[in-house]
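User: Hi! Could you walk me through a protein model I've just opened? I'd like to start with its pockets.

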Amino acid sequence: YGWGEPFEGLCAQIVADFVNNFDAERARCWIAELNGENVGCVMLVKDDQPRVARIRLLLVDPKGRGLGLGAKLIDECVRFARAAGYAKITLWTHSVLTAARHVYEKAGFTLTSSEPRHTWGKDVVAEFWDLDL
């Protein structure tokens, strides 16, 4: 998508925040493996709103795409969020990420709002999705 270093910096900050604020009862990270190689990940963290979890960094390497790994990772997030007592899961994505959007929709998430932005040097449409648990 040509997002480059600013996007990489955001990802690094999300990982740093996850590690520095880790709460084993309220947060998790899953890594998908294929033939012993890491090919995907997702994080679920506590949002700023009470009883709301936030999905972060759903990433699937091209080697792992088309195998249902994104759906499995999101299913784990939903399962954990329910067990942890969250009432809702929220997430932020971009309209160009069609495979991820399909995974969210299939898992029951609803698109709640969208807005055009200029992010990481590109014109994008930011989307916000929610799932009531």
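User: Which residues lie nearest the centre of the largest pocket?

Analyst: Those are Leu-58, Leu-59, Val-60, Leu-97 and Ala-100, out of 35 residues that line the largest pocket. Keep in mind that this is a predicted model.

User: Good to know. How much space lies in that largest pocket?

Analyst: About 890 Å³.

User: And which parts of the chain make up the lining of the largest pocket?

Analyst: Five elements each supply at least two residues: helix 1, strand 3 (52–60), helix 2 (69–83), strand 4 (88–94) and helix 3 (98–106). Strand 3 gives the largest share, with seven residues.

User: How does the lining of the largest pocket divide into nonpolar, polar and charged residues?

Analyst: There are 22 nonpolar residues, nine polar and four charged.

User: OK, on to the second largest pocket. What volume does it have?

Analyst: The second largest pocket has about 240 Å³. Its lining is made of 14 residues, and Asp-17, Phe-18, Asn-21, Val-45 and Lys-46 are the ones nearest the centre.

User: Which elements give two or more residues to the lining of the second largest pocket?

Analyst: Helix 1 and strand 2 (37–46) do. Helix 1 has the largest share there, five residues.

User: And the classes in the lining of the second largest pocket?

Analyst: Seven are nonpolar, two are polar and five are charged.

User: New topic! How many disulfides does the structure hold?

Analyst: Zero. As a reminder, a disulfide is a covalent bond between the sulfur atoms of two cysteines.

User: So why no bond for Cys-11?

Analyst: Because the closest cysteine sulfur, in Cys-41, is 8.3 Å from the sulfur of Cys-11, which is too far for a bond. The cut-off for a disulfide is 2.5 Å between the two sulfur atoms.

User: What about Cys-77, which cysteine sulfur is closest to its own?

Analyst: That of Cys-29, at 9.0 Å, so this pair is also too far for a bond.

User: Are Cys-11 and Cys-77 buried or exposed?

Analyst: Cys-11 counts as buried, because its relative accessibility is 13% and the cut-off for buried is under 20%. Cys-77 is buried too, with a relative accessible area of 0%.

User: Last one: where is Val-19 found, and is it buried or exposed?

Analyst: Val-19 sits in helix 1, which covers residues 4–20. Val-19 counts as exposed because its relative accessibility is 56%, and exposed means over 50%.

User: How far apart are Val-19 and Thr-90 in space?

Analyst: They are 20 Å apart, C-alpha to C-alpha, and 71 residues apart in sequence.

Technical notes
Residues are numbered from 1 along each chain as its sequence is written. This is a predicted model: local features need pLDDT of at least 70, side-chain atom pairs count only at pLDDT 80 or more; totals for chains, interfaces and linings use all residues. Side-chain values use heavy atoms; hydrogens and water are left out. Helices (H or I, at least four residues) and strands (E, at least two) are DSSP runs, numbered from the N terminus. Buried means under 20% relative accessible area, exposed over 50%, partly exposed in between (1.4 Å probe, protein chains only). On a 1 Å grid over the protein atoms alone, a cavity is a set of points where a 1.4 Å probe fits but cannot get out, and a pocket is an open set with protein on both sides within 12 Å along at least five of seven lines; lining residues have an atom within 4 Å of a point. Grid points are joined across faces, edges and corners, and a volume is the space filled by probe spheres set on the points. Ala, Val, Leu, Ile, Met, Phe, Trp, Tyr, Cys and Pro count as nonpolar, Asp, Glu, Lys and Arg as charged, and the others, Gly among them, as polar.
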